[in-house]
Amino acid sequence: MQTRPKIGIIISTTRPGRFADVPTNWLFNIAKERDDADFEIVDLRDYPMPFFEEKLPLAYAPTQNEVALRWQHKIASLDGYIFVTAEYNHSITGVLKNALDYLYSEIHRKPATFLGYGSAGAARAIEHLRNILAEEHVATLKNTVHIGMVEMLGMLREGKSMADYPFHDDFAKRMLDDLVWWANTLKEGRSRDEIAEAA
Ligand SMILES: Cc1cc2nc3c(=O)[nH]c(=O)nc-3n(C[C@H](O)[C@H](O)[C@H](O)COP(=O)(O)O)c2cc1C
């Protein structure tokens, strides 16, 4: 029997005073109650990589940058991902794009979904992110969570919290159920390949 999948909740903004911690902590508190997967927060603040400056694409030559290697090892150790995604100018943040450029096989054949926040729930950023992840052999899922401007303003200006928007809990559950299914299924598929390669 295979072990429980490990899921990373990736925070994609790093600026001081970011809103990202609110949705991240809300989701993490829901996720850690589950007994079918292990969840951890992966904060891009802990991986301050330079702008991509490798001599060759990583498919041809591994990076020597210590922070990038640490980031790659962290991503390799996980079986699925939830990108907590802000929207900067209708796309993902530069820091997330740069971090993704530093990945290669560590993320291949794994599932990802999204917790977006912004005026349109970061829907535009998430659609861009799906395209980027397709190139990185990631299976992106239908079920997502979108925190809109009404909720954000409620929390930023009126002292509200995620508890005032309980409908998001149902979407989170559906998203997590789906992600765990895919994480288990693709983990099994990857391990079948490893067994065949070793034989
Ligand atoms: C550079 C920049 C561009 C932004 N562009 C958008 C945008 O296109 N759409 C949107 O909904 N919000 C946009 N915003 C507002 C963000 O949704 C809001 O600042 C949010 O709190 C950003 O996430 P963070 O606090 O975790 O950095 C932008 C914010 C910044 C800093």
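This is a short talk through one structure, strand by strand and then out to a few single residues.

Okay, hi everyone. Before anything else, please keep in mind that what you have in front of you is a predicted model.

Let's start with strand 3, residues 80-85. How many of its six residues are buried? Six of the six, so to speak a full house. If you look at which way they point, Gly80, Ile82 and Val84 go one way, while Tyr81, Phe83 and Thr85 go the other way. Both sets are buried. That back-and-forth is what you'd expect, because side chains in a regular strand alternate between the two faces of the sheet.

Now, who sits beside strand 3? On the one hand there's strand 1, residues 6-11, which pairs with strand 3 in the parallel sense over five bridges. You can pick out the partners: Ile9 stands opposite Ile82, and Ile10 has Phe83 as its bridge partner. On the other hand there's strand 4, residues 110-117, which runs parallel to strand 3 and is joined to it by five bridges. Here Ile82 turns up again, with Thr113 in strand 4 as its bridge partner. And how does the chain get from strand 3 to strand 4? Helix 3, residues 94-101, goes with the two strands to make a β-α-β unit, and that unit is right-handed.

Let's go back to strand 1 for a moment. Five of its six residues are buried, so to call it mostly covered is fair. Besides strand 3, strand 1 has strand 2, residues 38-43, as a parallel partner, this time over six bridges. Helix 1, residues 21-31, lies on the path from strand 1 to strand 2, and this β-α-β crossover is right-handed. If you want to trace the pairing by eye, find Lys6 opposite Asp38, then go along to Ile11 opposite Asp43.

Next, the inside. The largest nonpolar core has 48 residues, and the two that touch the most other members are Ile82 and Ala99. Which helix gives the most to this core? Helix 6, residues 167-198, with seven residues. We've already met Ile82, as a strand 3 residue pointing the way of Gly80 and Val84. As for Ala99, setting aside neighbours within four places in sequence, this residue is in contact with Leu44, Tyr47, Met49 and Trp71. In general, nonpolar side chains in soluble globular proteins tend to be buried together.

There's also a ligand. The residues around the ligand number 13, and the closest are Arg18, Phe19, Ala86, Gly118 and Ser119. By class, that shell is a mix: five nonpolar, five polar and three charged residues.

Now for some single residues. Take Pro5, in the segment before strand 1. Is Pro5 buried or exposed? Buried, because 24 other C-beta atoms lie within 10 Å of its own. Not counting residues up to four places away in sequence, Pro5 touches Ala37, Asp79, Gly80, Val180, Ala183, Asn184 and Lys187. So that you get a feel for distance too, Pro5 and Leu153 are 35 Å apart in space, C-alpha to C-alpha, and 148 residues apart in sequence.

Compare that with Asn89, in the loop between strand 3 and helix 3. Asn89 counts as exposed because it has 9 C-beta neighbours inside 10 Å. Its phi is positive, about 50°, although Asn89 is not a glycine. Why bring that up? Because most residues other than glycine have a negative phi.

His137 does a similar thing, with a positive phi of about 60° although it is not a glycine. You'll find His137 in the loop between helix 4, residues 123-135, and strand 5, residues 138-140. His137 counts as exposed too, because there are 12 C-beta neighbours inside 10 Å.

Glu136 lies in that loop between helix 4 and strand 5 as well. With 17 C-beta neighbours inside 10 Å, though, Glu136 counts as partly exposed. What does Glu136 touch, not counting residues up to four places away in sequence? Leu100, Leu103, Ile107 and His108. Of these, Ile107 is 29 residues from Glu136 in sequence and 7.0 Å from it in space, C-alpha to C-alpha.

That's the tour, thanks for listening.

How values were computed: Residues are numbered from 1 along each chain as its sequence is written. This is a predicted model: local features need pLDDT of at least 70, side-chain atom pairs count only at pLDDT 80 or more; totals for chains, interfaces and linings use all residues. A residue is buried if 20 or more other C-beta atoms lie within 10 Å of its own, exposed if 12 or fewer, and partly exposed in between; C-beta atoms are placed from the backbone. Helices (H or I, at least four residues) and strands (E, at least two) are DSSP runs, numbered from the N terminus. Two strands pair if DSSP finds at least two bridges between them. A crossover is right-handed if, with the strands pointing away from the viewer, the path from the first strand over the helix to the second runs clockwise. A residue is near a molecule or strand if its C-beta atom, placed from the backbone, lies within 6 Å of it. Ala, Val, Leu, Ile, Met, Phe, Trp, Tyr, Cys and Pro count as nonpolar, Asp, Glu, Lys and Arg as charged, and the others, Gly among them, as polar. A nonpolar core is a set of buried Ala, Val, Leu, Ile, Met, Phe, Trp, Tyr and Cys residues joined through C-beta atoms within 7 Å. Two residues are in contact if their C-beta atoms, placed from the backbone, lie within 7 Å.
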